[in-house]
Amino acid sequence: MSALLQAEGVSKRFGGVQALAGVGFSIRRGEIYGLIGPNGAGKTTLFNLLTGIYLPDEGAFSFDGRLLAGLKPHQVAEAGIARTFQNIRLFANLSALENVMIGRHVRTRAGVLGAVLRDRATRGEEAAIERRALELLEYVGIAARANDAAGSLPYGDQRRLEIARALATEPKLLALDEPAAGMNASETAALRGLLERIRGDGITILLIEHDMKLVMRVCDRVLVLDYGERIAEGPPGEVQKNPRVIEAYLGAPAAV
Amino acid sequence: MDIFIQQLINGVTLGSVYAVVALGYTMVYGIIQLINFAHGEVVMIGAMVAFSVITALAPGGWPPLMVVAAGTIVAIPVCMAIGYGLERIAYRPLRNAPRLAPLISAIGMSIILQHLALLVWSRNFIAFPQIIKSEPYHIGGAIITNVQIAIIATSVAMMAGLALMVYRTRLGTAMRATAQNPQVAGLMGVDINRIIAVTFLIAAALAAVAGVMVGSYYGIAHYQMGSLLGLKAFSAAVLGGIGNLPGAMLGGVLLGVVEALGAGYIGDFTNNWFGSNYQDVFAFIVLIAVLVFRPTGLLGERVGDRT
Amino acid sequence: MKGRNPALIWVGAGLVAIALLALPFALAQAGTAWVRITNFAILYVLLALGLNIVVGFAGLLDLGYIAFYALGAYVYALLASPHFNLHLPFWLTLPFGALVACLFGVLLGAPTLKLRGDYLAIVTLGFGEIIRIFLNNLARPVNITNGPQGVSRIDPFRLGGFDFGKSETLFGLAFSAPIKYYYFLLAVMIVVIITTIRLQNSRIGRAWEAVREDETAARAMGIDTTSIKLLAFAIGASFGGLAGGMFSAIQGFISPESFVLVESIMVVSMVVLGGMGNVWGVILGAVLLSFAPEVLRYTVEPVQKSLFGRSLVEPEVIRMLLFGLAMVLIMRFRPAGLLPSAVRKRELAERKE
């Protein structure tokens, strides 16, 4: 009952490559669940399957008591899963504020008629969208840059902006694809604080991350993939000692 | 049945012209992933130049075949110059711009070319001199003319020549490498700018010959003939699978046949509600249908969205 | 925006309003032809604004946009002319024409909007041609469109006893038919401008921007990209249909000749020249390009006559050559147009793929 997301036997093949082979796991409400593995292990593929960008060959996800099979990406977002992208995909030429306001799209209603007539309800909604977007920029700590073009922000701020935009969709599950990539130590520390705060606000987090220090500190449980297969799952401390995991990461000192 | 064979012959003739034009679209698309919107105008210019040369030489008493050949030989370099200019002016400066930018600038070039042609050759339909006397040969109840045979033979020769060049020469290898991955090809020492320019040149040369063929077949030329022809040839390229040379050939011939049979039989199928005046609609319907149901075309390899 | 003096804005707006209201009478001094030309310029502004929703806001290049204009024009003409002996009132036929155009926009868009930009451009171009071919040929076996001869003696707008097609004197001023239409067109244009600006600054407008910038990210944010693009297509098409109906009434005669590919390309150049995505830029582009042939007629013609004793190059050809040149040069040197929208400027200038 406490599982928010459940994956069963998820498989995906691209041409001759088995990107994912029968992966299953379950994420509990309110936890930070890490997803790690060497490059090419299938982490991002799993994200893309979860968010409806690809269709799985086999298996399915059930989210919040509902089967996600066949949902398109925008329906997945509506169901309550928001994501960020490994290679940041902001609306680079729009302002930071507009980026977050777009995140409110799925939770707001105004249509063409409302937009044209600007009735009281629409004006109210529009004001609420802007207010909420500003709050979220504040929340991730980049409110000062609200009116700057997203593409002109420093790298770390872009990552934060992506998180703010994802939070604007009011997700139950926030799926982050390498949020710490390219961040320096102090930025990473601040990110850790942010992740814990988000979790504290009741949002479950699925985290792909290469920064093992961050994963070990922030995650409650970790799933390890290698060559598309699940090789271990458990609390970070245990997983770290698992011989298969050490083997998979052999030569990668970060795993120590 | 005779009508069927006749329409088939007409379709294959026209289709082989489409194929030669479609090759131009598909080669350019294969290399830079852009539609050369002005390609149809290059065909038109080819037809117009050849028309002028042939008209000038016709009274000279030379053998007709030589006159047509002379027209073609003059048209080819003119078209190549235009093709090169197109690439330098409309495409190269915009190589890193969003995709719509070169498309819009190519539309601009195509308007310019059309109206320059209007200035030179007037806005009237021009009677293409029929100096090669059309001789019919009977196949059963159907007729194939020597002009049709010449068109089909020329198209086949050009396609074969192009295939040899692309698959058997160093230049062709460099072109295919660039089409696969320009960055890597560049690292391997291929001069990308040169390859792209050469591609436009070859496409333009093919267009010139196609212009002569289409002019001789219909017996008329007009400054606006390029846009519809270009659109049909583009549809042919998409039908075959854009970026794919054999696909363009197959698509061209198929489209010609579909058009001819469609125009020939639409009256029968619709109880004469629609007649052969709807011929031009078929190409667009084929285009839309292919793009909707099988965007990669019949022989297409590239899957889906590359951007 | 915030720094400006609101009083100054009101004064400015008031002056513009007075100028627009007085304009037709000033033009009429130079000849009624100029009022007509202005009316057609307003029609082009409407077309350009409609296409701007598709091209400028949603980022979809539509090269067959004139087809929607044609549909609106034919719907009006067939329902209000002796051709079928129907004379329905304009307040019915005009919205109906817009609705039909909208419907065709959806029919065309639904299967094709998943296509990538340049394919979509070609498909819409083909659609434009299909519509024209049908208009040209749907005269047999049942005469629907009257083929290449077109439809003539189309009803002007009538409201009770007020006939837009007739001249009359009101308040001591001579209102010719073109002047009456001018005020109608002006009112429609203002409504369309307000509609467009409000759409742009709304939840829908933001969704269009998102789709134009990055479709994948837009989807991940919960935007149903297919329907939001379809919405742009449908709204753009209905603007085109609306303009078409007014064209029918003002002109009194239409034929497929008025809806050729070049017309589509002209509207695209207006949008591109003025500045995709910026309402004021697009209006500027439409006004510049629709007055261009007239200006050329009064400048190039006399110059040629005085130089060569006769006109060597028709102004129409010069106009088209200038169009072409403008499109090439604008893309090269000022891709965001004369009056760019801030966002589009960044998009067109900085994106390197």
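**Charges, folds and contacts**

Student: How far apart are the mean positions of the positive and negative charges in chain A?

Tutor: They are 2 Å apart, taken over 31 positive and 30 negative charges. Lys and Arg count as positive, Asp and Glu as negative, and His and the chain ends are not counted; the places used are NZ of Lys, CZ of Arg, CG of Asp and CD of Glu. This is a predicted model: local features need pLDDT of at least 70, side-chain atom pairs count only at pLDDT 80 or more, and totals for chains, interfaces and linings use all residues. Residues are numbered from 1 along each chain as its sequence is written, chains are lettered from A and ligands numbered from 1 in the order in which they are written, and side-chain values use heavy atoms, without hydrogens and water.

Student: And chain C, what is the distance between its mean charge positions?

Tutor: For chain C it is 3 Å, with 28 positive and 20 negative charges.

Student: What is the secondary structure of chain A?

Tutor: Chain A has 10 helices and 10 strands, counted as DSSP runs (H or I, at least four residues; E, at least two). Its radius of gyration is 19 Å, close to the 18 Å from the globule rule for 256 residues, so chain A is as compact as a globular protein of that length. The radius is over C-alpha atoms, and the rule is 2.2 Å times the number of residues to the power 0.38.

Student: How much of chain A is buried?

Tutor: Buried residues are 53% of its 256 residues, where buried means under 20% relative accessible area (1.4 Å probe, protein chains only). In chain C the share is 58% of 353 residues.

Student: What does chain C hold in the way of helices and strands?

Tutor: Chain C has 13 helices and 6 strands. Its C-alpha atoms fill a box of roughly 60 × 55 × 50 Å along the principal axes.

Student: Switching topic: which pair of chains has the most contacts?

Tutor: Chains B and C, out of 2 pairs that touch; a contact means heavy atoms within 4.5 Å. No contact joins chain A and chain B, and their closest C-alpha atoms lie 12 Å apart.

Student: Where is Ser235(B)?

Tutor: Ser235(B) is in helix H9 of chain B, residues 225-240. Ser235(B) is buried, at 1% relative accessibility. Beyond its neighbours within four places in sequence, Ser235(B) contacts Leu255(B), Ala283(B) and Leu287(B).

Student: How many disulfides over all chains?

Tutor: The search of the whole structure finds 0, taking a disulfide as a pair of cysteine sulfur atoms within 2.5 Å. Cys219(A) is buried at 6% relative accessible area, and Cys79(B) is buried at 0%.

Terms used: Buried < 20%, exposed > 50% of the residue type's maximum accessible area, 1.4 Å probe, protein only.
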